[in-house]
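Open the model in your viewer and keep the selection panel handy. We will go from stop to stop, with a short note on what to pick and what you will find there.

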Amino acid sequence: MMSKFAFPPSIKSRPVWGTFEARQGPAHLFIADAQGGEAILDVATPDLMASGHIIYIPRGTDFAGKLRALNPAQFYEGPSYAAAVSRIRRTLQDAKMGLQVYLAGTEGLMGQAMLEVTQAGIPHAAIQTEHRGSTARRMQCVHCKGFTEDVETYPFQCSHCGLNLFVRDHYSRRLAAYQAVCIDAEDPGNVPAPKGIYE
Amino acid sequence: MTIQFNDETFRDDYSFHNSDWAIKRFPFPFHEDSYMYSVNMEQHRGGPAGSVYEKRFDVDEHYVSEMRDRALVLADDPLRCQSLPHMTLAGWDLLELIMVSKSEDYPDLFELHRDGNKWRWINKPLGIDDSFTFLDETTLPYGPMEYITRQSQGDFAVLDQREDNLWMDAGMITTQADWSLDFDIGMNFFEWHAPVPMAHEMGIFKRALKFLLNIQQGAPARRLNWTMTVNPLLDTSPENYHKWGVQKTTLTPDNIGAKQHLRVELQTFYRLPRSNGLAFPIRCYLCSFQDLMTMPKWGRRLHRVVRDLPDELATYKGFIDNRPMMLDYLGQFDDGLPTSPGVFPNFETEPPLKIG
């Protein structure tokens with residue numbers, strides 16, 4: 001439980017993440033990145049794994065071997081979320097009534113996977129989340145609409161248009177991103193030194 | 001009454017201006033000498049003759065120029081108008097509501113001829129004469145919501161109602177007080193209001209939602225909201241904030257009377273008959289400080305409201321940095337005399353200001 005972070009109270013558009021519990025179901029789909037692998041290890045039972053499909057993006061961590069050793073019915077290790085998303089969609093096409101979904105790891109991973117899962121028609125009651133590891137955010141620049149992944153400090157520079165952006169707590173589930181707004185619009189060039197989002 | 005439409009701009013040279021008629025009917029939002037959030041709903045069943053409350057969809061001297069500005073915004077950024085796939089029927093509901101209302105309320109400007117589903121719509125100020133089949137999208141140049149809101153002043157949010165909540169699932173948003181439809185589309189009532197300070201804790205949104213969920217056909221409601229805008233800029237969008245934000249720093253004691261505008265939203269709420277959605281028009285009115293000061297009551301009151309507003313609200317509304325300069329300007333007009341209750345200017349009975 002070392003990698004759990006207590007998010008401070010925030011506004012009502014900000015997502016709230018939970019803690020996994022093993023649920024009854026005909027099939028179990030796990031999508032996780034980085035330290036999210038630990039959440040799967042914590043909840044896994046031989047029963048879940050017998051009908052379990054793990055889609056995992058290690059991002060430099062070493063949980064892949066332990067996850068594979070759980071002996072799930074299907075196991076996939078991918079280099080990035082972008083590389084994995086077509087497999088996620090294909091898997092969801094085959095989803096049957098009662099599928100249980102478990103999303104774990106960074107907010108960016110959980111947000112994007114949540115979008116795929118809900119668009120596939122999986123009911124909210126069948127989806128669990130658990131945040132683990134980095135508190136970095138996936139941000140959308142409100143000006144150019146480009147996404148910048150893994151933002152840990154602000155202000156940050158938009159990876160697309162280069163504006164210096166403030167990190168807001170306002171969150172769009174449809175975009176799976178927080179909103180980023182120009183920080184020096186009223187005083188061009190006055191960009192404070194970056195600090196951690198939760199500092 | 002025939003309206004003389006202004007030829008004016010809301011950008012670049014900012015030639016926007018209010019006639020004496022427009023100033024007198026400006027929807028001044030403060031009914032007393034202070035302001036705090038409230039649900040402040042009332043029925044939208046007309047109002048004093050000539051006021052902005054009289055007609056269902058007010059048309060004023062800025063109509064033609066505002067529609068020109070909307071077309072420019074949309075050409076620049078088509079994401080300002082979006083409708084999720086399940087909202088098309090609500091778009092037709094909105095088209096019908098506006099066409100019927102405007103043709104009845106302004107028969108000299110708008111005509112609607114209906115023969116079953118064969119409709120003919122004539123919009124004289126904009127030079128439009130279109131025949132189309134109601135509920136058949138292929139017979140209009142745009143989707144129904146976009147078609148009619150390119151011809152109607154103010155922003156339009158079209159809300160779906162399900163799960164005891166309202167969902168921002170469609171809209172035409174080009175004259176917004178710094179919020180993004182493209183970001184907020186698909187959010188529920190609490191989510192899209194999430195950034196508003198204080199009001200959640202005060203229970204405002206819970207009560208407002210309860211009221212709005214129960215709005216019935218034929219019984220629309222309305223309320224006012226307000227903020228401040230430097231220059232008569234309609235498109236104060238987050239998308240373009242990196243371009244317009246700097247204009248807030250151009251105020252000086254000499255130009256503040258002309259440049260600083262009180263921005264008022266007349267928000268109305270209509271139940272839509274086929275979709276059971278809720279149409280949420282947000283009509284923006286702008287008035288410069290110097291024009292407001294021509295109404296003695298507003299001159300006295302605006303100073304008191306701006307002076308006593310909590311810092312959180314002045315920050316959220318984006319004028320905390322300019323508030324001292326605003327107070328220097330407005331303070332000159334406040335002679336301390338009492339003001340009469342209510343929003344209307346009562347310019348015939350209110351004592352004149354000593355200065356101005």
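Begin with the place where the two domains of chain A meet: 6 residues of domain 1 of chain A are in contact with 7 residues of domain 2 of chain A. Bear in mind as you look that this is a predicted model. On the domain 1 side of chain A, the residues touching domain 2 of chain A comprise 2 nonpolar, 3 polar and 1 charged. To colour the two parts, select 28-131 for domain 1 and 137-193 for domain 2 of chain A. Their centres, taken over C-alpha atoms, are 28 Å apart.

**Stop 1: the parallel sheet of chain A**

Next, show the 5 strands of chain A that make an open sheet in the order 3-2-1-4-5, with parallel pairing. Which strands stand at the edges? They are strand 3 (74-77) and strand 5 (127-131) of chain A. Each has a single partner strand, so one side of each is left without a neighbour in the sheet. Between neighbouring strands of this sheet, the average turn is 10°, direction ignored.

Now zoom in on strand 1 (residues 28-33) and strand 4 (residues 100-105) of chain A, a parallel pair with 5 bridges. To find your place, pick A:Ala32, which has A:Ala104 of strand 4 of chain A opposite.

Add helix 1 (residues 36-43) of chain A, which packs on the sheet and touches strand 1, strand 2 (52-57), strand 4 and strand 5 of chain A. The direction of helix 1 makes about 145° with that of strand 1 of chain A.

**Stop 2: a helix that meets both sheets**

Select helix 5 (residues 107-119) of chain A. Helix 5 lies across strand 1, strand 4 and strand 5 of chain A, at about 155° to strand 4 of chain A. Turn the view, and you will find helix 5 of chain A also lying across strand 6 (137-141), strand 7 and strand 11 of chain A. There the angle to strand 6 of chain A is about 70°.

**Stop 3: the mixed sheet of chain A**

Stay with those strands and display the open sheet of 5 strands in the order 7-6-11-10-9 of chain A, where the pairing is mixed. Strand 7 (147-151) and strand 9 (156-157) of chain A are its edge strands, each pairing on one side only.

Strand 6 of chain A deserves a close look. How many of its residues are buried? The count is 5 of 5 for strand 6 of chain A. Show side chains here: A:Arg137, A:Met139 and A:Cys141 point one way, while A:Arg138 and A:Gln140 point the other way. This follows a familiar pattern, in that side chains of a regular strand alternate between the two faces of the sheet.

On one side, strand 6 of chain A runs antiparallel to strand 7 of chain A, joined by 3 bridges. These two strands form a hairpin with 5 residues between them, and A:Lys145 in the turn has a positive phi of about 75°. Strand 6 of chain A also runs parallel to strand 11 of chain A, again through 3 bridges. A:Gln140 is a handy marker for both pairings: A:Phe147 of strand 7 of chain A stands opposite, and so does A:Gln179 of strand 11 of chain A.

From there, move on to strand 10 (residues 164-172) of chain A, which runs antiparallel to strand 11 (residues 177-182) of chain A with 5 bridges. A:Leu165 faces A:Cys182 of strand 11 of chain A across this pair.

**Stop 4: the nonpolar cores**

Select A:Phe30, A:Ile31, A:Ile40, A:Leu103, A:Ala113, A:Leu165 and A:Ala180, which touch the most other members of the largest nonpolar core, a set of 47 residues. Both domain 1 and domain 2 of chain A contribute at least three residues to this core. Among the residues that A:Phe30 touches are A:Ile40, A:Ile54 and A:Tyr102. Another core lies apart from that one, with 39 residues including B:Val158, B:Leu166, B:Trp167 and B:Met187.

**Stop 5: chain B and its contact with chain A**

Finish with the two chains together: 18 residues of chain B are in contact with 17 residues of chain A. On the chain B side, helix 6 (189-192) and helix 8 (241-244) each supply at least two residues. By class, that side of chain B has 9 nonpolar, 6 polar and 3 charged residues.

As a last pick, choose B:Leu109, in the loop between helix 3 (88-105) and strand 3 (110-115) of chain B. Is B:Leu109 buried or partly exposed? B:Leu109 counts as partly exposed, because 18 C-beta neighbours lie inside 10 Å. Leaving out residues up to four places away in sequence, B:Leu109 touches B:Val59, B:Lys124 and B:Pro125.

Definitions and conventions. Residues numbered from 1 in each chain as written. Chains lettered and ligands numbered in written order. Predicted model: local features only at pLDDT ≥ 70, side-chain atom pairs only at ≥ 80, totals over all residues. Domains from an automatic or database assignment. Nonpolar A, V, L, I, M, F, W, Y, C, P; charged D, E, K, R; others polar. Helix = DSSP H or I, 4+ residues; strand = E, 2+ residues; numbered from the N terminus. Buried ≥ 20, exposed ≤ 12 C-beta atoms within 10 Å, placed from the backbone. Pairing = 2+ DSSP bridges. Axes fitted to C-alpha atoms, helices over the stretch in contact; angles between N-to-C directions. Core = buried A, V, L, I, M, F, W, Y, C linked by C-beta atoms within 7 Å.
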